[in-house]
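Dear colleague,

I am handing over the structure below, and what I found in it follows directly after. Please read the notes with the model open beside them.

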Amino acid sequence: MECTKWIVSSNNWGCKLSPRRDFLLMRIRLTIFLAVIVVLCSCRASNAPESPGEEANVACATIGDITIEFSKAYEFMPLTYEGVDYWHGESKKHFEKGCQSKAKQITISTSWPSLKPGPRLYELVNDPDLIKIVLDKSYGVNPSDAMEKMRNAYLTNDWSGSRPEKAKELGAKKFWFDDKVGLMTSGEVQSKRFKKLVYWKESPQKKIELLILCRAYPSGALICQEKWFSEKWNIWLTIEFRKPILTQWHKMHIAVENLVGKFIKKD
């Protein structure tokens, strides 16, 4: 089992595990996506306003310390709110929610470097220019400590942190600064199906401020996740990209923060 989605919470940290075969993961994601679409749309006709206006074309919610409003053309999946059980007949409550309602998570589909809206079926579209931006709320953990744990677990595949031999293995690793990428790295780590690439940005106090985890497949495919915590917004941001653009990590970091900043509702 391998890691595909990085999570941080007050009770847990690490990753969610995927099936061994990528096509099964793709089918699972598609099934979940279609199920959510059906649930949200099942009561749309009876709850939609009689004269839909501009509001029908935008998504709005609060996450962390910000309220964001953006065109639904950017939605990777329909927005879901906290306090709504979408799987047990409460989908009608979705239409009672608004900008002040807290979102569980916000995922945006766009392209690089244009940052124009991308298709919702991101996982199934073979376009290397597409990127996925995920906004997650803070869970009260120390961001630097959380990212260090993610890095170490990814390098050793010890997600429980309870295997002494893995801690010894980690202690023997050498880290260095990659001049080409402009980040610290541990070099390649071979797994069964792909090579792991890990990069991170350190503060002068040796605290991790940004983390990039990549999977490089023999076919040439590359999947990376760039993650950091925004203290000013009190949210985690993650960029997932599939293009060999590691050297543009800083440009993406700035551009994504600017894009999210444009979505912040001012009033």
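Glu-69 counts as partly exposed, since its relative accessibility comes to 31%, and in this model, which is predicted rather than experimental, its side chain meets that of Lys-265 in a salt bridge with an N to O distance of 3.4 Å. Because Glu-69 sits in strand β4 (residues 66–71) while Lys-265 belongs to the segment after α5 (249–263), the pair ties together parts of the chain that lie 196 residues apart in sequence. Lys-265 is likewise partly exposed, having a relative accessible area of 26%.

A search of the whole structure finds 9 salt bridges, and two others are worth setting out beside the one just described.

In one of them, Glu-82 pairs with Lys-137, and the closest N and O atoms are 2.8 Å apart. Glu-82 is found in the loop between β5 (80–81) and β6 (103–111), whereas Lys-137 is part of strand β7 (residues 130–137), so this salt bridge ties together parts that are 55 residues apart in sequence. As for accessibility, Glu-82 counts as partly exposed at 28%, and Lys-137 is partly exposed with a relative accessible area of 28%.

In the other, Lys-243 forms a salt bridge with Asp-129, for which the closest N and O atoms are 2.7 Å apart. This pair links distant parts of the chain, with Lys-243 in the loop between β14 (235–241) and α5 and Asp-129 in the loop between β6 and β7, at a separation of 114 residues. Lys-243 counts as partly exposed at 24% relative accessibility, and Asp-129 falls into that class as well, at 29%; for both residues, the class follows because partly exposed covers the range between the 20% limit for buried and the 50% limit for exposed.

Turning to the protein as a whole, the model contains 5 helices and 14 strands, and of its 267 residues, 46% count as buried. Among the contacts with a separation of 6 or more, 53% are accounted for by residues that stand 24 or more positions apart, a set of separations into which the pairing of Glu-69 with Lys-265, at 196 residues, would also fall. The accessible surface of the protein comes to about 14400 Å², and carbon and sulfur atoms hold 52% of that area.

With best regards

Conventions. Residues are numbered from 1 along each chain as its sequence is written. This is a predicted model: local features need pLDDT of at least 70, side-chain atom pairs count only at pLDDT 80 or more; totals for chains, interfaces and linings use all residues. Side-chain values use heavy atoms; hydrogens and water are left out. Helices (H or I, at least four residues) and strands (E, at least two) are DSSP runs, numbered from the N terminus. Buried means under 20% relative accessible area, exposed over 50%, partly exposed in between (1.4 Å probe, protein chains only). Contact means heavy atoms within 4.5 Å. Accessible areas come from the Shrake-Rupley method with a 1.4 Å probe; for residues, only the protein chains shown count as cover. A salt bridge is a side-chain nitrogen of Lys or Arg within 4 Å of a carboxyl oxygen of Asp or Glu.
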